[in-house]
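The following paragraphs go through one model, from a pair of helices to the ligand and then to the strands. The sequence and structure come before the explanation.

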Amino acid sequence: MIAICAVCVSLLLLLPLTIVLYKLWWAPLHFQSIMESQGIKGPCYNFFHNNTKEIIKIKNQTSYNSPIDLPDHDIFPRFQPYWYSCMKLYGNNFLVWNGTQPQVVVTEPELIKEILVNRNGAYPKTKREGYLKKLLGDGITVAEGEKWLKLRKLANHAFHGECLKDMVPAMVASVQTMLEKWRHYEGKEIEVCGDFRILSSEVISRTAFGSSYVEGIKIFNMLGKLSALISENANKMNFLGLVKFVRTKADSEADKIEQLLHESIMEIVRKRQDEVITVRADSFGSDFLGSLLKARHEGSEKKQISAAEIIDECKTFYFAGQLTTHSLLSWSVLLLAIHPDWQEKARNEVFQLFGRENPNSEGIARLKTVNLIIHETLRLYSPVTLITRRTQGQVKLGKFKFPANVELAIPPLALHRDPDIWGQDAHLFKPERFAEGLAKATKGNPMAFLAFGFGPRICPGLNFASHEAKIALSMILQRYKFTLSPNYVHSPFIALTVQPQHGVQILLQPL
Ligand code: HEM
C-alpha cells in the first residue's frame with residue numbers, strides 16, 4: 001500500500017515537470033525538426049534563454065547607435081542585424097525563436113502576398129501583449145472578422161475621397177502655423193523633426209478629433225511614454241521564458257499611464273457627446289470621432305461599437321496618425337537637403353501647379369515628382385519595420401506546411417533593399433525608379449513595396465499621410481531652399497517607427 005502511495009505521489013510530482021519539459025524542450029525541438037525537413041532552417045532553439053542572448057550579442061556588434069555614412073541608406077543590417085545575419089546563413093525564409101514561440105521570418109514576395117491577402121482568414125493578426133496592448137488596445141489593428149469589418153468601414157470612410165478633400169484647409173493651416181515659426185530661422189540652422197512631430201499631432205487632432213494639438217497634448221505625451229517603455233524593454237533577456245511572470249517598476253508605470261490615457265481620451269469623447277446632449281450641436285460631427293460616436297449611439301445592433309472600442313480606436317489613430325507621418329516628413333526633408341537636384345525638380349513642379357498659392361486638392365493629386373520622392377523615402381526609411389501574422393490552423397504556404405500558431409514575421413526593409421527587385425543601387429536614393437509606376441519599379445511584385453502593407457489590411461491612412469506630406473513639402477519648397485547642416489549626424493534608430501536619432505538639422509534659405 002505504502003509503495004503504491006509513493007508511486008502515486010511521485011507521478012503527481014513528475015507530471016508538472018513533464019508538462020514543463022514538454023513545452024520548453026520537446027515541443028520546440030520537434031517543431032524545429034519539422035521545419036528543417038522542409039528546408040526552413042535557423043539558429044538552434046535554446047532551452048534556457050531562447051535566442052535573446054545571440055540577438056543582444058549581434059546587436060552590440062552592429063554598433064546600433066553609432067553614426068553611419070551618407071549617402072548609404074541601407075538600414076536593414078543596422079536595425080534588424082540578427083535577421084540580416086540569419087538571412088545570409090539560412091536563406092530568405094528562416095526560423096527564429098521568441099521565447100518558446102516559433103517565428104518564421106518570410107522575405108519571399110510570393111509567400112508574403114499569400115499571407116497578406118489572407119484568403120479564408122488563414123493568417124490572422126498576431127495577438128497583442130504587454131505594453132503594446134496598453135498602447136493600442138484591441139482595436140482595428142488586431143481585430144478580426146465582423147469586428148474588424150465594422151471598424152475598418154468607419155476608418156475607410158473617415159480617411160477617403162471627399163472627407164480628405166475637406167481636410168486640406170486644416171492641413172494647410174497647421175503647416176502655416178509651423179512655417180510662422182520657421183521665419184525666425186531664416187538664413188540659420190533649424191532642427192525640423194520636433195516641428196514635424198507637432199505638425200503631425202496637430203493635423204490628426206484637428207482633422208480626426210476636432211481638437212487642437214494643445215488639447216491632445218496629454219494624449220500624445222502618454223503615448224510617447226508608453227512607446228519609450230516598449231523600446232526600452234525590447235529584447236529583455238528571456239531566461240526560460242520567465243520574463244512575463246516578473247512584475248517590474250516599468251509594468252506599474254505602464255499601468256498608470258494606461259489609466260491616465262483612458263481618462264484623457266474620455267474627456268475629449270465626453271466633450272463631444274455633451275455638445276449633442278445639451279443641443280449645442282445637431283450631430284456628432286463628420287470627422288472620425290463623430291463617426292465613432294454616431295456608430296455608438298445611432299448605429300444598428302450590428303454596427304454598434306462599445307465605449308472600450310471607441311477608446312482603442314482613438315488611441316490607435318492618435319498614435320498612427322502622428323508617429324508615421326512625422327517619420328516620413330523628417331526623412332523626406334533630409335533626402336531633399338542632400339539631393340538639391342530633386343529639391344529643384346520638386347520646387348519647379350510645386351510652382352507650376354500652385355504658384356505661391358496654398359496647395360489645393362486638385363493640384364495635390366497632380367504632384368508627380370513629389371509623389372516619387374515620397375515613395376522613394378518610404379522605400380529607404382519605411383517607418384514600419386515589422387508586419388506580423390500567425391497561422392490560424394494548419395496551412396500550406398507555397399511549398400511549406402505549417403501547423404497552427406506559428407508567428408510569421410515580414411520585415412519590409414529586407415524587401416526594400418533586395419537587389420533582385422530594385423537593382424544593385426537599391427541602397428541609393430533614386431526616386432526615378434518609381435517613374436513608370438509601382439508595378440514596373442517592383443518588376444511586377446507590388447508587394448515588394450511594403451511601406452503601407454498589402455492586401456485587405458493595407459494602411460487606411462495611406463492617402464491621408466500622403467496628402468499631409470505633399471502639402472507640407474509643397475509649402476516648404478515654395479518658401480525655402482535648404483541644405484543639410486554640418487551639425488547633422490546620420491544615425492537612424494527605431495523608436496517604434498524609424499526616426500533620426502539626433503533630429504534633422506538643415507540650413508534654411510528664404511527664396
Ligand atoms: C507614412 C505614413 C504611414 C505608414 C508608412 C503606415 C504604415 C502602415 C502599415 C505598414 C500598415 C499595415 C500593418 C499590417 O499589415 O499589419 C498600416 C496599418 C494601419 N495604419 Fe498606417 N501608416 C501610415 C499612416 C497612417 C495614418 C496617418 C493613419 C491614421 C490616420 C494610419 C492608420 C493605420 C491603421 C488603423 C492600420 C491598421 C489597419 C487594419 O489592420 O485594418 N496609418 N499602416
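In this predicted model, helices α10 and α13 are roughly perpendicular to each other, because angles from 65 to 115 degrees count as such and the two pack at about 75°. Their axes lie 10 Å apart, and α10 covers residues 213-233. On the α10 side the contact is made by G216, I219, F220 and L223, and on the α13 side by Y318, F319 and Q322. Sorted by class, this contact has 5 nonpolar and 2 polar residues, with no charged ones.

Helix α13 also takes part in the surroundings of the ligand, where it gives the most to the shell, with 7 residues. The shell has 25 residues, and those that come nearest to the ligand are A320, T324, G453, C459 and G461. Two or more shell residues come from each of α7 (145-158), α13 (307-338) and α20 (462-479). By class, the shell around the ligand divides into 16 nonpolar, 7 polar and 2 charged residues.

Helix α20 also holds R479. Is R479 buried, exposed or partly exposed? Burial requires 20 or more other C-beta atoms within 10 Å, and exposure 12 or fewer; R479 has 17, so this residue is partly exposed. Apart from neighbours within four places in sequence, R479 is in contact with L179, P510 and L511. A250 is 229 residues away from R479 in sequence, and their C-alpha atoms are 45 Å apart in space.

The next element is an open sheet of 4 strands. Its order is β1-β2-β7-β4, and the pairing is mixed. Which strands stand at the edges of this sheet? They are β1 (94-98) and β4 (387-390); each has a single partner strand, so one side of each is left without a neighbour in the sheet. On average, neighbouring strands here are turned by 30° against each other, with direction ignored. The partner of β4 is β7, residues 407-410; the two strands run antiparallel and are joined by 4 bridges. Within this pair, I387 is opposite I410 of β7.

A residue to look at next is W83, which belongs to helix α4, residues 81-90. W83 counts as buried because 23 C-beta neighbours lie inside 10 Å, where 20 or more are needed. When neighbours within four places in sequence are left aside, the contacts of W83 are V105, P411 and A414. L95 follows a little further on: W83 and L95 are 12 residues apart along the chain, and 9.8 Å separates their C-alpha atoms.

The last part of the walk concerns a hairpin made of β9 and β10, with 1 residue between the strands. L496 in the turn has a positive phi of about 70°. Strand β9 (residues 492-495) pairs with β10 in the antiparallel sense over 4 bridges, and I494 stands opposite V498 in β10. What covers strand β10, one face or both? Both faces are covered: T497 and Q499 on one side are buried, as are V498 and P500 on the other. Strand β10 itself spans residues 497-500.

Key: Residues numbered from 1 in each chain as written. Predicted model: local features only at pLDDT ≥ 70, side-chain atom pairs only at ≥ 80, totals over all residues. Near = placed C-beta within 6 Å. Nonpolar A, V, L, I, M, F, W, Y, C, P; charged D, E, K, R; others polar. Pairing = 2+ DSSP bridges. Axes fitted to C-alpha atoms, helices over the stretch in contact; angles between N-to-C directions. Contact = placed C-beta atoms within 7 Å. Parallel < 35°, antiparallel > 145°, perpendicular 65-115°, else oblique.
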